[in-house]
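Dear colleague,

I am passing on the structure we spoke about, and below it you will find what came out of going through it. Please read the notes with the coordinates open beside you.

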Amino acid sequence: MTILGKIKYHRKRNHCISIQREKKEFRGTTLGYVLSYSDKFLLVQEVDDFKLRGFLIVPMDTISAIRFNDDDAYQNKIMNWEKESEKVGIKFDIDLNNWVTLFKSIKKIGHNVIVEGESLDNGYFTVGPIRRITKNTI
């Protein structure tokens, strides 16, 4: 099954999955629930220590694997027992077609964002409201 096929499968079943990412020098794993996806982006509600956290938007071209093994299935059971899985969701739409539409959607609702550069050459971390959006910057 393709990565997109796995995303669709686990989204439909509301599974808490492991998303493994790798691109050039960046590697990482995110645990969470798939809320939405497009050909370019994946919107996830992150899980940490059996609690729902914030939202993460992941470029699809950085995803190397989607995992739902026995450990993940048990994590999913705990999330159900703790009733955290009942709280999964987002109350607004985010247009995941491209970076500009994505950030315009977030700006429209007025939420603050954290934008992180994941490259070792260009590691940046910015927090706050979105004031201006261009093709190359926010």
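Is W99 buried, partly exposed or exposed? Before the answer, please keep in mind that this is a predicted model. W99 has a relative accessible area of 43% and is therefore partly exposed, since that value lies between the 20% under which a residue is buried and the 50% over which it is exposed.

W99 is a convenient place to start, because its ring and that of F103 have their centres 5.9 Å apart with their planes at 15°, which makes the pair stacked. Both residues belong to helix 3, where they are four residues apart, or about one turn of the helix. F103, in contrast to W99, is buried, because its relative accessible area is 11%. The two rings are also part of a cluster in which ring pairs link F41, W99 and F103.

Helix 3 itself covers residues 99-109, and among its residues L102, F103, S105 and I106 are buried. These four lie on the same side of the helix, because they cover an arc of only 150° around the axis, while K104 and K108 are exposed on the other side. As for what the buried residues of helix 3 face, they pack against strand 3 (41-48), strand 4 and strand 6 (113-116). At the N-terminal end, helix 3 is capped by N98, which places a side-chain oxygen 3.0 Å from the backbone nitrogen of V100, and just after the helix G110 takes a positive phi of about 80°.

Two of the strands that helix 3 packs against are themselves paired: strand 3 and strand 4 run antiparallel and are joined by seven bridges, with V58 in strand 4 as the bridge partner of L42. The two strands form a hairpin with two residues between them, and D49 in the turn has a positive phi of about 50°. Strand 4 (residues 51-59) also contains P59, which is buried because its relative accessible area is 16%. Leaving aside residues up to four places away in sequence, P59 touches R21, K40, F41 and W99, which brings us back to two members of the ring cluster.

In soluble globular proteins, nonpolar side chains tend to be buried together. Here the largest nonpolar core has twelve residues, namely L35, F41, L43, I94, L96, L102, F103, I106, V113, V115, I130 and I133. Strand 3, helix 3 and strand 6 each supply at least two residues of this core, and the largest share, three residues, comes from helix 3. A second, separate core of eleven residues includes L56, V58, M60 and I63.

Away from helix 3, there is a further ring pair to look at: Y74 and W81 are edge-to-face, at 5.8 Å centre to centre and with 85° between the planes. Y74 counts as partly exposed because its relative accessibility is 46%, whereas W81 is exposed, with a relative accessible area of 55%. Finally, N76 lies in helix 2 (residues 70-81) and counts as buried because its relative accessibility is 9%; not counting residues up to four places away in sequence, N76 touches N14, H15, C16, Y33 and F68.

With kind regards

Definitions and conventions
Residues are numbered from 1 along each chain as its sequence is written. This is a predicted model: local features need pLDDT of at least 70, side-chain atom pairs count only at pLDDT 80 or more; totals for chains, interfaces and linings use all residues. Side-chain values use heavy atoms; hydrogens and water are left out. Buried means under 20% relative accessible area, exposed over 50%, partly exposed in between (1.4 Å probe, protein chains only). Contact means heavy atoms within 4.5 Å. The arc is that of the directions from the helix axis to the C-beta atoms. A polar contact is a pair of N or O atoms within 3.5 Å; within protein, one must be able to donate a hydrogen and the other to accept it, and residues adjacent in sequence count only if both atoms are side-chain atoms. Two strands pair if DSSP finds at least two bridges between them. A nonpolar core is a set of buried Ala, Val, Leu, Ile, Met, Phe, Trp, Tyr and Cys residues joined through side-chain atoms within 4.5 Å. Rings of Phe, Tyr and Trp (its six-membered ring) pair if their centres lie within 6.5 Å; planes under 30 degrees apart count as stacked, over 60 as edge-to-face and the rest as tilted.
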